[in-house]
Amino acid sequence: MRKIVITGGPGTGKTSIITSLESKGYTCMPEISRQITLEAREQGIDQLFLEDPMLFSNKLLEGRKKQFLETSRLNATAVFLDRGLPDVLAYMDYIGDVYPQEFVETCRIHRYDQVFLLPPWKEIYTEDNERYESFEQATLIYKALKETYLSFNYELIEVPIGKLENRIDFIMNSYHKNE
C-alpha cells in the first residue's frame, strides 16, 4: 500500500485534485481540517485554529494519524491523502507556536511514500468561511510546508500550475515512475 500526500498552502487546488482522482477510481482520503473547524463552530468557536491552535492541532494530528492507519486496512495499491501529518507542524511553525516532541515523533514514525507539493497560485486563490488566510499568508504557509517536509527527508515533487487534467497527468506520471 503506497501512501501519497497531496499538500500545499491554502487555495492551491488540492481538493480539486483529490476529487478528480477519486472520480477516476483512485482511493483518496479527504482533508479533515474543515470538518474540525465546522464541529468547533457548532460548539460556538468561530475559528478554533486561531482561538486555540494547540487544541486544533491536537485534533488534526489525531485525525491525520487515524487516516494514516486506516489506509493500511484498505484494499488498494495506493491511497492519495489531502494533506499529511507534517502539515500540522508546518502550520504551527508558520504561526510561531511550539508543539510537543510527540508531534515530531508521530511524523517520524508515520512515513508517506510520496509527497506532491502544490505551489501558490494567485489566479485560483479564494478566501471562504474556513479559509481565512490572505494569498500572501498562503505563500508563507507553502514555504513552511516545504521546509517541514524537507526536514523529515521527504523528496518533494512540485506539481506545476496549470489545468486540472495536466496536473493529474503530472501526478500520475510521477506516481507510476516510483512504483
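In this predicted model, helix 2 offers a starting point: Ser33, Ile36, Thr37 and Ala40 are buried there. These residues lie on the same side of helix 2, because they cover an arc of only 100 degrees around the axis. The general geometry accounts for such a pattern: an α-helix has 3.6 residues a turn, so residues three or four places apart point the same way. After helix 2 comes Gly44, with a positive phi near 90 degrees.

From helix 2 the path leads into the interior. The largest nonpolar core holds 30 residues, and Leu89 and Tyr112 are the members that touch the most others. At least two residues of this core come from each of the following elements: helix 2 (33-42), helix 4 (53-71), strand 3 (78-82), helix 5 (86-95), helix 6 (101-109), strand 4 (114-118) and helix 7 (135-151). Helix 7 makes the greatest contribution, with 5 residues.

The surroundings of Leu89 can be followed residue by residue. Apart from neighbours within four places in sequence, Leu89 is in contact with Tyr99, Phe103, Val104, Cys107, Thr148 and Phe152. A second core, separate from the largest one, comprises 16 residues, among them Ile6, Ile18, Ala78 and Met172.

Cys107, one of the contacts of Leu89, leads to the cysteines. Cys107 counts as buried because its relative accessibility is 0%. Cys28, at 9% relative accessibility, also falls under the 20% limit and is therefore buried. A disulfide is a covalent bond between the sulfur atoms of two cysteines. Searching the whole structure for such bonds gives 0 disulfides.

Note on methods: Residues are numbered from 1 along each chain as its sequence is written. This is a predicted model: local features need pLDDT of at least 70, side-chain atom pairs count only at pLDDT 80 or more; totals for chains, interfaces and linings use all residues. Side-chain values use heavy atoms; hydrogens and water are left out. A nonpolar core is a set of buried Ala, Val, Leu, Ile, Met, Phe, Trp, Tyr and Cys residues joined through side-chain atoms within 4.5 Å. Buried means under 20% relative accessible area, exposed over 50%, partly exposed in between (1.4 Å probe, protein chains only). Helices (H or I, at least four residues) and strands (E, at least two) are DSSP runs, numbered from the N terminus. Contact means heavy atoms within 4.5 Å. A disulfide is a pair of cysteine sulfur atoms within 2.5 Å. The arc is that of the directions from the helix axis to the C-beta atoms.
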